[in-house]
Amino acid sequence: MTQEKIDRINELARKQKSEGLTEEEKQEQAILRREYIDSYKRSLVSQLENTYILEPDGTKRKVTKK
């Protein structure tokens with residue numbers, strides 16, 4: 001997700017609060033928000049895939065999905 005897209009999300013949010021959005025802007029906002037959420041999830045999953053838990057006995061255990 002580029003900074004320009006994040007800025008556009010924020011711009012649309014401010015406009016929605018002040019004067020409202022057109023249908024095209026609402027669609028654009030929904031698409032950008034979905035892209036942001038998907039990007040955030042991918043980043044979190046990637047981080048968790050590279051996370052290990054250090055047990056009290058000194059062994060490392062990889063974090064797994066439940």
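In the predicted model, contacts between residues 24 or more positions apart make up 24% of the contacts in the protein with a separation of 6 or more. Burial was assessed over the 66 residues of the protein, of which 9% are buried.

The overall dimensions were examined next. The radius of gyration of the protein is 19 Å, whereas a compact globule of 66 residues would have a value near 11 Å. The C-alpha trace spans about 60 × 20 × 15 Å along its principal axes. The surface exposed by the protein amounts to about 5,900 Å². Carbon and sulfur atoms supply 52% of this exposed area.

With regard to secondary structure, two helices and two strands are present in the protein. Their order from the N terminus is α-α-β-β. Helix α1 covers residues 3-18, a run of 16 residues. From the first C-alpha of α1 to the last, the helix reaches 23 Å, which is close to the 22 Å expected at 1.5 Å a residue. Gly20 follows α1 and has a positive phi, near 95 degrees.

Charged side chains were considered as two sets. The positive set of the protein has 15 side chains and the negative set has 13. The centres of these two sets lie 7 Å apart.

Key:
Residues numbered from 1 in each chain as written. Predicted model: local features only at pLDDT ≥ 70, side-chain atom pairs only at ≥ 80, totals over all residues. Heavy atoms only, no water. Helix = DSSP H or I, 4+ residues; strand = E, 2+ residues; numbered from the N terminus. Expected span 1.5 Å × (residues − 1). Rg over C-alpha atoms; globule rule 2.2 N^0.38 Å. Buried < 20%, exposed > 50% of the residue type's maximum accessible area, 1.4 Å probe, protein only. Contact = heavy atoms within 4.5 Å. Areas by Shrake-Rupley, 256 points an atom, 1.4 Å probe, with all protein chains shown as cover. Lys, Arg positive; Asp, Glu negative; His and termini not counted. Charge placed at Lys NZ, Arg CZ, Asp CG, Glu CD.
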